[in-house]
Amino acid sequence: MASPLLLLPLAVSSLLLPFTAAARVFSVADYGAAGDGARYDTGAIQAAVDACAAAGGGRVLLPAPGDYLTATVHLRSRVVLDVAPGARLLGGTRQADYPPESRRWYVVLAENTTGAGVTGGGEINGQGGAFVVTPNPQKNIMVSWNATGDCEGDECRPRLVGFIDSKDVTIHEITLNQPAYWCLHIVRCDNTMIHNVSIYGDFDTPNNDGIDIEDSNNTAITHCHIDTGDDAICPKSTTGPVYNLTATNCWIHTKSCAIKFGSTSFFDFKKLVFDNITIVDSHRGLGMQIRDGGNVSDVVFSNIKMSTRYYHPLWWGRAEPIYITTCPRHPDSKEGTISDIQFINISSVSENGVFLAGSKHGLLRNLKFKNVDLTYKRWTNYSGGLYDYRPGCQKMVKHRTGGMMLEHISGLEIDNVRMRWSRGSLKGWDVDPLLFQPSTVDKLSFHDWQSLAVSR
């Protein structure tokens, strides 16, 4: 398997050159922006962007102090939106602030660009609180702009920042705050660097994912801080594959899954690396929900420390530190396979066990656990005893709880793995290290594996 360093699309220093090299600066104040947070500055911001593009590129500066209220801002090639420290770009809260097509609902949107980016040390704020109809500590009830039928259900809300069909994208040194829906969305892009980005979403708001990498290749995520209600780093494959994604040196806290493949998974995921990541009190740690026939291969999770706990069951997840699943979303859906996955130097403290579940025609193959330390204890009052197959498949299933549950696997290597059971804090556990049906699992290898009780 390739070294993680080989999967970076470009060196960080070379990708950041557009922001550090001399470039023309177009201040939105020179185009009439008020920056008072009350009047819309969309016209001034867009005029600065268009002038910058016409001049061959540069930076569009939102100076501080200032709150710049805007409808959708359309970035152009070689234009970098520079939000200064102390400045905020505020997304509008009216449906009229966004394009007619829901797929283009973003506060900042770059389509078919080369060399566009966002930086500056300031903040882009989606004013997500304005989209909460009923606050609820279990899960907020949200606005849905679905009256026109352009989108369905309760996920008809604007995303925060989107790059679509673009290349040489750089997002760095920026805070993305309070999205109404997904926060940072990279779609069908090539060669993207996301560096030193802080993301904050309402912990009770559904669907406010941190970073969604969709149908995009050669992506690097480094030194990011993500604290949000829904999935934090989420590769998806809707119209094409996801190759060469590397995420390193990140901190994550979420009420959903910290790193989740899918569940949209029509095409393949290959050569992904996640290294040196801290996951704190999340509902699920490392996850794969493959439901639409795509295949996953050549993935490394390494040097990861995490704690996972139960939250309300309205949120997908059951406190699993590692959750690898493939099964058909619908009875007639294709079943994808997951193969050649490595977990190296992993430690966790969790309220539930590892869940590895393939399906009859979608096996898990060649999984390797090396230098893995799993501590099991309970500290919340939520009930256990359920396995969560959502979306689709078997949904929620009552089941005994063990250290590692296995089904439909061909090839599992365990090398230097410790399971530690915390005495006195295992309510609802069967304290079974392994749970599996022998008829669905083969090619198991155990070397230096221990299961032992420890003090609290």
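A disulfide is a pair of cysteine sulfur atoms within 2.5 Å, and in this predicted model two such disulfides are present. When the bonded cysteines are counted along the chain, the disulfides follow the pattern 1-2, 3-4.

One of the two disulfides connects Cys 327 with Cys 393, whose sulfur atoms lie 1.9 Å apart. The torsion about the S-S bond of this pair is about 85°, and the disulfide is therefore right-handed. Distant parts of the chain are linked by the pair, since Cys 327 belongs to the loop between β26 (320-326) and β27 (338-350), whereas Cys 393 belongs to the loop between β30 (386-388) and β31 (396-398), the two cysteines being 66 residues apart. With regard to accessibility, Cys 327 has a relative accessible area of 8% and is buried, while Cys 393, at 28% relative accessibility, counts as partly exposed; the boundary that matters here is 20%, because buried means a relative accessible area under that value.

The other disulfide joins Cys 151 to Cys 156, with a distance of 2.1 Å from S to S. Cys 151 is buried, with a relative accessible area of 14%, and Cys 156 is likewise counted as buried, at 1% relative accessibility.

Cysteines outside the disulfides were also examined. Cys 224 takes part in no disulfide, and the nearest cysteine sulfur to its own is that of Cys 250, 4.8 Å away. Cys 250 is also in no disulfide, its nearest cysteine sulfur being that of Cys 224. Because a disulfide requires sulfur atoms within 2.5 Å, the distance of 4.8 Å between the sulfur atoms of Cys 224 and Cys 250 does not meet the criterion. Cys 224 counts as buried, with 3% relative accessibility, and Cys 250 counts as buried as well, with 4% relative accessibility.

The nonpolar interior was considered next. In soluble globular proteins, nonpolar side chains tend to be buried together. In the present model, the largest nonpolar core has 98 residues, and those with the most contacts inside this core are Phe 163, Phe 261, Phe 274, Phe 301, Leu 356 and Phe 369. For Phe 163, when residues up to four places away in sequence are not counted, the residues touched include Leu 75, Ala 110, Ala 116, Gly 117 and Val 118, together with Val 169, Ile 171, His 185, Ile 186, Val 187 and Cys 189. A second core, separate from the largest one, consists of seven residues, among them Tyr 323, Ala 357, Tyr 387 and Tyr 389.

Methods: Residues numbered from 1 in each chain as written. Predicted model: local features only at pLDDT ≥ 70, side-chain atom pairs only at ≥ 80, totals over all residues. Heavy atoms only, no water. Core = buried A, V, L, I, M, F, W, Y, C linked by side-chain atoms within 4.5 Å. Buried < 20%, exposed > 50% of the residue type's maximum accessible area, 1.4 Å probe, protein only. Contact = heavy atoms within 4.5 Å. Helix = DSSP H or I, 4+ residues; strand = E, 2+ residues; numbered from the N terminus.
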